[in-house]
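Student: Please take a close look at one part of this model, the metal site. Then move on to what else stands out.

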Amino acid sequence: MIQNTGLSDLMMADLVIINGKVITVDDNISIAQAVAVKGDKIIAVGKTDEINTLAGKRTKTFDLKGNTMLPGINDTHCHISDWALTRPPFMLDIRFPVVKSIADILQMVAEKAAVSKPGEWILGEGWDEGYLEECLADPDYKPSREILDKVASQKPVVLTEYSGHRIWVNSKALELAGITKDTADPVGGRIERSPGTGEPTGLPYEKATMPVKQLIPPWTSKQRKEALLGAIAELSSLGIVSFTDAGVDREKWACYNDVLNEQFQDGGWTCRVNMLLMLGGFGKSALGAIKEALKHVGCRYNFGNEWLKVGGAKLVADGIPPLKTAAMYEPYLDGTHGLLVTEGDTFEEQEWNLREMIKLLHGNRLQVGIHSCGERTIDICHDQYMKCIEEDPWDARHYTIHSDFTRPETVEKIGDFNRRSPYQVGLNVQSPIKWTISDFMATVVGPERAGYHWPLRTMLDSGTHVGNSSDAPVIYPDWRPGVQGAVLRESKATGKPSGPEQCVSVAEAIATYTINGAWLDHMENAKGSIEAGKFADFCIIDEDILTIDPHKIKDINILMTIAGGRVVYDSGAL
Ligand SMILES: [Zn+2]
């Protein structure tokens with residue numbers, strides 16, 4: 001028998017969430033108690049009494065019992081397709097605290113070497129000298145091919161550093177790649193050599209890693225799909241509802257597309273994915289490759305739907321400060337200035353190429369996000385963004401990715417531009433990485449400049465939209481240490497403050513993980529805050545993040561994650 005529910009019941013909410021502290025992240029960061037949801041959208045936000053009036057016979061009720069609810073978290077820069085494959089069973093997880101020493105890593109490599117097939121590549125990712133016992137005890141102790149040869153001499157071993165900009169390989173891998181002491185350093189790369197013999201030590205940097213990486217057999221499409229679904233499920237358990245996968249190549253795009261087509265109905269797709277395409281790759285002639293791609297593909301920014309879309313394109317302009325490969329005006333403590341990694345034999349040629357790529361993508365209506373960490377690189381990118389927007393105005397929202405050492409005068413210039421231009425530019429940062437490397441950065445640029453690393457206070461004061469992120473697989477995609485790090489700017493290892501004048505409030509830090517990211521995605525009207533009309537994306541946590549001791553933010557538990565009105569993670573504790 002069909003029950004007659006009447007029209008009024010059909011107009012009721014599907015779900016009401018009541019009795020909580022709802023941090024809405026609206027313009028006033030106002031606090032509500034309850035939310036009503038119909039379909040995948042929020043229909044009302046207010047007090048529990050008001051929201052209860054929208055509950056009918058068929059309405060589900062969640063009682064938050066005083067717990068706190070945030071908008072779904074947005075990780076604005078990460079490489080989830082890569083992260084998915086850098087975890088077991090696909091790769092050895094050699095991140096701290098899984099491994100604490102080189103001895104731990106060697107044991108894992110030895111175990112893998114014992115069970116893998118002849119010729120099979122042994123891959124791992126995440127090692128960090130700053131967290132390895134042997135390197136901490138003796139700063140001169142470096143990972144080397146000889147150390148790896150002791151446990152795996154017949155099978156190639158490639159262990160990627162946490163940053164992705166350097167690899168640690170054994171002699172077999174160097175042999176297969178044809179890297180010897182006679183191999184010259186490529187432009188944009190360096191082969192580390194022993195001072196006495198000139199022999200490669202097994203630590204190629206940046207572009208010098210390519211001859212090895214090119215030999216690694218590609219993942220199968222089945223492996224990629226399995227890894228992606230596992231990764232998305234883990235992000236849901238962290239309260240993450242949106243992320244930008246930056247640097248999506250043909251295989252990665254196809255994989256997202258396949259999984260969406262084949263498995264969306266099964267419910268395993270629980271995150272909103274924004275892709276920045278890697279149209280030109282990293283190789284020689286990226287500009288030519290982009291030109292060629294755009295001859296055949298008419299894809300613009302925001303192609304797709306709320307679950308999978310193309311935001312624009314990603315470019316890589318320089319290296320990273322910890323390795324002294326990001327292009328700076330002021331030298332690193334060792335006197336070097338870093339480099340650009342775009343095509344060209346001189347810095348000027350490389351800059352010209354970078355500017356041409358930006359112009360080309362801008363003209364083709366693709367938003368541009370550029371890996372740029374050094375102050376000099378950041379200046380080039382933003383200068384060119386502004387020129388492009390002035391000459392050919394549209395709402396591109398280009399931004400620099402990482403933006404580590406954006407100079408105060410550059411931030412001011414960006415702020416001024418954003419105030420007078422109808423179309424603005426943005427910034428992306430990584431507060432959780434600041435937390436892990438702040439002590440180390442003092443050894444690279446000195447304590448004063450390290451204190452200015454990721455100047456979030458200065459950036460937010462300029463009124464610019466700043467999105468926060470993990471850059472996973474660089475570090476685990478957890479937003480909680482990011483909020484804590486942005487608020488305290490204390491070192492994870494020693495607790496030492498680094499640039500306390502750049503601290504921001506908890507509410508501001510939350511905005512960098514929610515509404516600001518929505519703006520970077522051109523989706524600030526659909527997500528990023530808890531307001532009527534937006535998607536019902538929520539992250540429910542067990543502490544009042546606004547009042548808790550900020551040192552405990554990283555230990556807050558995720559109770560439940562809701563994406564588009566559907567529970568996609570439930571800890572069972574609510
Ligand atoms: Zn990245």
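Tutor: The metal site comes first, then a pocket and the cysteines.

This is a predicted model, in which local features need pLDDT of at least 70, side-chain atom pairs count only at pLDDT 80 or more, and totals for chains, interfaces and linings use all residues. Residues are numbered from 1 along each chain as its sequence is written, and side-chain values use heavy atoms, with hydrogens and water left out.

His77 (NE2), His79 (NE2) and Asp471 (OD) coordinate the zinc ion at 2.0 to 2.1 Å. Donors are N, O and S atoms within 2.8 Å of the metal (3.2 Å for Na, K and Ca); water is not among the atoms, so sites may look incomplete. Along the chain the donor spacing reads H-x1-H-x391-D. His79 and Asp471 are 392 residues apart, and the pair links distant parts of the chain. His79 sits in the loop between β8 (73-78) and α3 (80-85). Asp471 sits in the loop between β22 (466-468) and α18 (480-488). Helices (H or I, at least four residues) and strands (E, at least two) are DSSP runs, numbered from the N terminus. Both His79 and Asp471 are buried, meaning under 20% relative accessible area (exposed is over 50%, partly exposed in between; 1.4 Å probe, protein chains only).

Now the cysteines. A disulfide is a pair of cysteine sulfur atoms within 2.5 Å, and the count is zero. Cys388 is in no disulfide; the nearest cysteine sulfur, in Cys381, is 11 Å away. Cys388 is buried, at 4% relative accessibility. Why is Cys539 unpaired? The closest cysteine sulfur, in Cys271, is 12 Å away, too far for a bond. Cys539 is buried too, at 0%.
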